[in-house]
Amino acid sequence: MIKKEVIVIGAGLAGSEAAWQVANSGVPVKLVEMRPSKSTPAHHTGEFGELVCSNSFGALSPDRAAGLLQKELRIFKSLIVQTADKFAVPAGGALAVDRSKFSTALTEALSNHPLIEIKRFEQLDLPSKENITILATGPLTANELFYKIQAFTGIDACHFFDAASPIIYGDTIDQEIVFKASRYDKGDPAYLNCPMDKNDYIHFRNALIEGEQASLKDFEKESANFFEACLPIEEIARRGVDTMRYGPLKSIGLWNPKWGDLFDRENRLKKRPHAVIQLRKEDLEGKLLNMVGFQTNLKWSEQKRIFRMIPGLEKAEFVRFGVMHRNTFLESPKLLLPTLQFMKRENLFAAGQITGTEGYAAAAAGGLLAGINASLLAKGNKPVSFPSESMIGSLMNFISNKNQILSNQKKNKFQPMPASFGLVPELTKKKKDKRLRYKAYQERATEALNDFKNKLDSCFDKDHLLSKIY
Ligand SMILES: Cc1cc2nc3c(=O)[nH]c(=O)nc-3n(C[C@H](O)[C@H](O)[C@H](O)COP(=O)(O)OP(=O)(O)OC[C@H]3O[C@@H](n4cnc5c(N)ncnc54)[C@H](O)[C@@H]3O)c2cc1C
């Protein structure tokens, strides 16, 4: 017998949003949070939805990916975004908040809700099968539970540390310079290659070595040391002039037909690049490209400056920068449905950074979807997925879409993803101008989401909608 109450584990951004959505639909919630008696290495308070680093939710304009996500969350009366709006501080074009007022207000709203029971303890295992549960324990999930999740998903499907290369928008690279090829022409030419001559290489290597590093938190240093197999690119550069050329930047077997006859030795020796940076498709259409082997600890501003020295990437725009940090996340395409239910257990949902989304608003979006679906399930309805035209839908579809893991990427595990226009389906009428394109994405998303919400509202028992409480 499935119980009609929902357990939410973790009162961060995702868990707080999830609990709010469930309770507002009339379903009782047990919200379990271990802080303050046990904290994570990054949190400092016992408040819900504590922002562990920046106080910004990203660009406010709905014509930007982060802004569209916020707008969509407002359509669904998101507790996180409405509270952020209430305690916003001036931050240019971004939505930034007074972090202390923000999390105090969240804690109060959740604590005062008649259908939410707050439980302060460390959850040591997944609740038993008859409970509808939302797992929202975030990137710093406590160890005991982390091992239990690994036992449930399989060790390879739940990661402890994230060493990810930058992802760039495919339409911002210089197609005149980069060329398509697979090494030794094996299979389809799946990679885009940025050729580099010796001079460029030396300058690039020096910039990498001298680039300013982001400081690892103390708790991350230990994990980073375990990660010898996946060194940051600047560390590879530091190990020797040619180390990168015998590693991720090797040029052997990569040839641009534009350079003439490969079998003419003289021509080959003259034209062969000194080094090659490879870009691999992150999605099926190639709108997003991953810089192969470029996991890094450089500061984001330095990544932008230094990686734009690569021929063909002078105007590259970055969807996400490279990172090396402690991050518990699931191999979601193998484990989750677009409804955020586990394939293995339909009444267990995951939400937030643990699903492989990145960013505060994205965590809230996961909480919103998991919350809506857990309450649908509790009321005997079928969980839903959001329209793919919306930013919420496209992000959740991305993390849960097995096809996104291309067949030629078997070796590469799934990497977390922030909200991005690279994830939404192409417009039927393509628009070259980026600003017009983003505006069109935004209008299409808003229309699809309003339509979807009207249909969804009819699934809920209106008598129980308590959304006016807040
Ligand atoms: C150090 C760090 C800095 C970051 N900086 C930013 C940033 O500046 N901007 C940005 O957009 N994103 C940032 N992120 C990424 C991400 O957006 C945030 O981590 C965000 O808070 C994720 O939301 P969440 O709800 O998934 O997890 P969290 O907000 O971390 O919430 C998870 C909650 O679960 C609780 N918990 C964990 N294990 C248990 C357990 N066993 N039992 C009970 N409770 C448990 C935790 O105490 C916590 O309250 C950062 C991440 C990290 C780790």
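How far apart do the C-alpha centres of domain 1 and domain 2 lie? In this predicted model, they sit 32 Å from each other. According to the domain assignment, domain 1 is made of two stretches, 6-162 and 325-464, while domain 2 covers 167-321.

Let's zoom in on helix H6, residues 198-210. With 13 residues at 1.5 Å a residue, H6 should span 18 Å, and its end C-alpha atoms are indeed 18 Å apart, so the two values agree. Look along H6 and you'll find that Tyr-201, Phe-204, Arg-205, Ala-207 and Leu-208 are buried. Those residues take up an arc of only 165 degrees around the axis, which means they are on the same side of H6. Asn-199 and Glu-210, on the other side of the helix, are exposed.

What do the buried residues of H6 pack against? Their partners are two strands, S11 (191-196) and S12 (275-281), plus two helices, H8 (233-238) and H10 (300-307). Asn-199 turns up again at the start of H6: its backbone nitrogen has a side-chain oxygen of Asp-197 within 3.3 Å.

Now for the ligand. It has 28 residues around it, and the closest are Ala-14, Glu-33, Arg-35, Gln-353 and Tyr-360. Arg-35 brings a polar side-chain atom to 2.9 Å from an oxygen atom of the ligand. With Gln-353, a polar backbone atom is 2.8 Å from a ligand oxygen. Ser-54 also uses its backbone, with a polar atom there 3.1 Å from an oxygen atom of the ligand.

Terms used. Residues are numbered from 1 along each chain as its sequence is written. This is a predicted model: local features need pLDDT of at least 70, side-chain atom pairs count only at pLDDT 80 or more; totals for chains, interfaces and linings use all residues. Side-chain values use heavy atoms; hydrogens and water are left out. Helices (H or I, at least four residues) and strands (E, at least two) are DSSP runs, numbered from the N terminus. The expected span of a helix is 1.5 Å times one less than its number of residues. Buried means under 20% relative accessible area, exposed over 50%, partly exposed in between (1.4 Å probe, protein chains only). The arc is that of the directions from the helix axis to the C-beta atoms. Contact means heavy atoms within 4.5 Å. A polar contact is a pair of N or O atoms within 3.5 Å; within protein, one must be able to donate a hydrogen and the other to accept it, and residues adjacent in sequence count only if both atoms are side-chain atoms. Domain bounds come from an automatic or database domain assignment. A residue is near a molecule or strand if one of its heavy atoms lies within 4 Å of it.
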